Amino acid sequence: MSERLDLTAPVPVSFTVNGERRELVLEPRWLLSDVLRHRLGLTGTHVGCEHGVCGACTILLNGAPVRSCLMFGVQARDADIVTVEGLESANGELHPLQEAFRRHHGLQCGFCTTGFLMALIPAAEGGPMTEEDFQDAVAGQLCRCTGYVGIVEALREVTGSHPEPAS
Ligand code: FES
Ligand code: FES
């Protein structure tokens with residue numbers, strides 16, 4: 001008789017989080033968002049909808065924004081993960097995008113903010129953007145407070161983008 005695969009059996013997994021190698025034993029059913037929050041104490045990754053709609057749980061996985069509620073922790077094996085806790089520099093300075101959010105009032109309750117920051121980091125570290133680029137950059141993230149204006153202004157500032165003249 002063939003051996004049955006036990007999908008509930010914990011498995012060893014290792015990955016890097018904010019520059020630190022982490023070795024864990026995880027049940028395959030654990031979502032990556034829950035691993036980050038409950039196993040590693042990185043509660044800056046927020047969980048809203050838990051099914052890929054709101055973007056609150058966004059992290060960087062190998063440099064790309066990913067919704068951590070849509071992945072199992074075991075799928076992050078050998079990945080390089082950055083959470084919002086990893087944005088701050090070693091001497092405690094905020095990332096320029098975080099500073100710009102603060103200056104432009106890009107947050108109110110803050111629930112969506114960490115997901116926005118992580119989703120916008122690749123754009124923030126790129127070059128100037130068009131108005132259409134701004135729309136695309138925020139399209140996948142939900143905020144029920146800000147109206148998005150301050151968020152776009154923060155991104156405009158850090159990318160050195162100028163408003164397009166009204167036609
Ligand atoms: S909690 Fe992951 S997309 Fe909403
Ligand atoms: S600041 Fe409250 S949900 Fe975005």
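1. A good place to start is the hairpin made by strand 1 and strand 2, which has two residues between the strands. Asparagine 18 sits in that turn, with a positive phi of about 50°. Please keep in mind throughout that this is a predicted model.

2. The two arms of the hairpin, strand 1 (residues 11-17) and strand 2 (residues 20-26), run antiparallel and are joined by seven bridges. If you want a register check, look at valine 13, whose bridge partner in strand 2 is leucine 24.

3. Strand 1 also pairs with strand 5 (residues 80-82), this time in the parallel sense and over two bridges. Here valine 17 is the residue to find: it stands opposite isoleucine 81 of strand 5. As for burial, strand 1 is mostly covered, with five of its seven residues buried.

4. How do the strands assemble overall? Five of them form an open sheet, ordered 2-1-5-3-4, and the pairing is mixed. Strand 2 and strand 4 (64-67) are the edge strands, each pairing on one side only. From one strand to the next, the twist averages 40°.

5. At the strand 4 end of that order, strand 3 and strand 4 run antiparallel, with four bridges joining them. Leucine 61 stands opposite alanine 64 in strand 4, which gives you a handy pair for checking the register here too.

6. Now for what packs on the sheet. Helix 1 touches strand 1, strand 2, strand 3 and strand 5, and its direction makes about 105° with that of strand 2. Which residues of helix 1 (residues 32-39) are buried? They are Leu32, Ser33, Asp34, Val35 and Leu36. Their cover includes strand 1, strand 2, strand 3 (58-61) and strand 5. Just after helix 1 comes glycine 41, with a positive phi of about 70°.

7. Helix 3 also meets the sheet: it lies across strand 3, strand 4 and strand 5, and runs at about 35° to strand 3. Strand 3 and strand 5 are thus worth viewing with both helices displayed, since helix 1 touches them and helix 3 lies across them.

8. Helix 3 has a helical partner as well. The axes of helix 2 (residues 96-103) and helix 3 (residues 113-124) come within 10 Å and cross at roughly 120°. An angle of 65 to 115 degrees would count as roughly perpendicular; helix 2 and helix 3 are therefore oblique to each other. Their crossing is right-handed.

9. What makes the contact between these two helices? Helix 2 contributes Leu97, Gln98 and Phe101, while helix 3 brings Thr113, Phe116, Leu117, Leu120, Ile121 and Ala124. By type, the residues of this contact divide into seven nonpolar, two polar and no charged.

10. Finally, do take a look at helix 5 (residues 149-159), where Gly150, Ile151, Val152, Ala154, Leu155, Arg156 and Thr159 are buried. Note that Arg156 is included in that buried set. The buried residues of helix 5 pack against helix 2, helix 3 and helix 4 (131-138). Following helix 5 is glycine 160, with a positive phi near 65°.

Terms used
Residues are numbered from 1 along each chain as its sequence is written. Chains are lettered from A and ligands numbered from 1 in the order in which they are written. This is a predicted model: local features need pLDDT of at least 70, side-chain atom pairs count only at pLDDT 80 or more; totals for chains, interfaces and linings use all residues. Side-chain values use heavy atoms; hydrogens and water are left out. Axes are lines fitted to C-alpha atoms, for helices over the stretch in contact, and angles run from 0 to 180 degrees between N-to-C directions. Angles under 35 degrees count as roughly parallel, over 145 as roughly antiparallel, 65 to 115 as roughly perpendicular and the rest as oblique. A crossing is left-handed if the near helix is turned anticlockwise from the far one by less than a right angle, and right-handed if clockwise. Contact means heavy atoms within 4.5 Å. Ala, Val, Leu, Ile, Met, Phe, Trp, Tyr, Cys and Pro count as nonpolar, Asp, Glu, Lys and Arg as charged, and the others, Gly among them, as polar. Buried means under 20% relative accessible area, exposed over 50%, partly exposed in between (1.4 Å probe, protein chains only). Two strands pair if DSSP finds at least two bridges between them.
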